[in-house]
Amino acid sequence: MTNIPPLDLTQQYEIISDQLNTKVQEVLASGRYIGGSIVDDFEQQFANYINVPHCVSCNSGTDALFLALRAVNIRPGDEVITTPFTFFSTAEVISAVGATPIFIDINPQTFNLDIQQLEAAITEKTKAILPVHLFGQPVDMTKLMAIARQYNLIVIEDCAQSTGAEWDNQKVGSFGDIGCFSFFPTKNLGAFGDGGAITTNNSAIASQVRMLKNHGQSAKYFYEHIGINSRLDTIQAAILQVKLPLLDSWNQQRRDLADIYHKFLSGITAIVPPQELPGGRCVWNQYTIMLKSQELEAIARSRFSSSLRDWVRIQLQNKGIGSAIYYPIPLHLQPVYKSLAYPQLSSVEKVCHQVLSLPMFPELSTLQQEQVIFALKDSLEEL
């Protein structure tokens, strides 16, 4: 029996430490710590990986979203449709440019926005759709892009948790006008600090993002816009260059682990495993189950004054199993949006009380995964 965290980055470092150390030492010795050929080369390599002509790196996934909205001129008075079930930055950047996030409910089978509700949310003020490929699960981009084209709407894909995921054999981040990526250490392609990128098929958008990320500067000391300072550090670009060729194999390891979870958890009535849509290729940044049982929920609340999900999480912790809750409060119920008085969104509000993310990282061993599965079964049997 060993303690198992939700994510362990140390094992990955140990496997590729020699390559990483060599690459980082080259950067340190070069004296070129901002920009340069390493950053340029990584941008081209990542563009090739996503299969788009343009990639512009930046400081974070949040900056990527912010720059994307700025580049397509989303501004005060505009509405952007997105999901309430995601990290706060997705909505934060919409508000940061002065627009209004419009939340639609999710499909609880995929945790992504419910495309069936998308068209009803479109108004005269709607300028863009911002789908999130949550937990590595791609949105049905065929249906979403058809609606976007019908209403002439901009599409900005939030791919922060889904680098390498595919819909209909095409990489996410290549469907919409812009794809936004995060290289935060916990992502499938993670740096050793913050980092991000935007991808696009549109050269004008790429040029605009490059200008905005560099203080709005079109030429040295010539400023056309109020921009920001958002760079991908050269050391981080070097680290990502080492990791990018390994990404597909790591994603396949995640898929293999997900298959094992599916196999051994699908027969437990209190557990609803996540589903992969036909046509999609999920890369499982998180493996998130739902704990649903009226009988066990009632027992947990009556005996322990706890929800079923929270009780199980505590029991796993007692058995040395780490887990996480993504996300406990949907965005439309966050205090910062209270004044906007969003309507009730029943599916996401239920899901937030039921979701639990189990350990998921490529180096998770078979024995460790068995320990997670048995601890989860034992916890439910004890209740």
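This report describes selected strands, helices and backbone features of a predicted model.

**Strand β2 and its neighbours**

Strand β2 spans residues 79-82 and is covered on both faces. Glu 79 and Ile 81 are buried on one side, while Val 80 and Thr 82 are buried on the other. β2 pairs with strand β3 (residues 100-103) in the parallel sense, over 4 bridges. Within this pairing, Val 80 has Pro 101 of β3 as its bridge partner. The connection from β2 to β3 passes through helix α4 (residues 89-96), and this β-α-β crossover is right-handed. β2 is also joined by 4 bridges to strand β4 (residues 126-130), and these two strands run parallel. Here the bridge partner of Thr 82 is Leu 130 of β4.

**Helix α9**

Helix α9 comprises residues 294-304, and Leu 296, Glu 297, Ile 299 and Ala 300 are buried in it. These four residues lie on the same side of α9, because they cover an arc of only 165 degrees around the axis. This fits a general property: an α-helix has 3.6 residues a turn, so residues three or four places apart point the same way. The other side of α9 carries the exposed residues Gln 294, Glu 295 and Ser 302. Among the elements that cover the buried residues of α9 are α10 (308-318) and α12 (366-382). After α9 comes Ser 305, with a positive phi near 50 degrees.

**Gln 236 in helix α7**

Gln 236 belongs to helix α7, which spans residues 234-243. Its relative accessible area is 10%, and since buried means under 20%, Gln 236 counts as buried. Leaving aside residues up to four places away in sequence, Gln 236 touches Ala 191, Phe 192, Gly 193 and Asp 194.

**Backbone features in loops**

Asn 51 is not a glycine, yet has a positive phi; Tyr 221, likewise a residue other than glycine, has a positive phi as well. The table sets out their values and places.

| Residue | Phi | Loop | Relative accessible area |
|---|---|---|---|
| Asn 51 | about 70 degrees | between α2 (37-50) and β1 (54-58) | 64%, exposed |
| Tyr 221 | near 65 degrees | between β10 (217-219) and β11 (222-223) | 63%, exposed |

A further backbone feature is the peptide bond from Tyr 326 to Tyr 327, which is cis, with omega near 10 degrees. Tyr 327 is placed in the loop between α10 and α11 (346-351).

How values were computed
Residues numbered from 1 in each chain as written. Predicted model: local features only at pLDDT ≥ 70, side-chain atom pairs only at ≥ 80, totals over all residues. Heavy atoms only, no water. Buried < 20%, exposed > 50% of the residue type's maximum accessible area, 1.4 Å probe, protein only. Pairing = 2+ DSSP bridges. Right-handed = clockwise from strand over helix to strand, strands pointing away. Arc of directions from axis to C-beta. Contact = heavy atoms within 4.5 Å.
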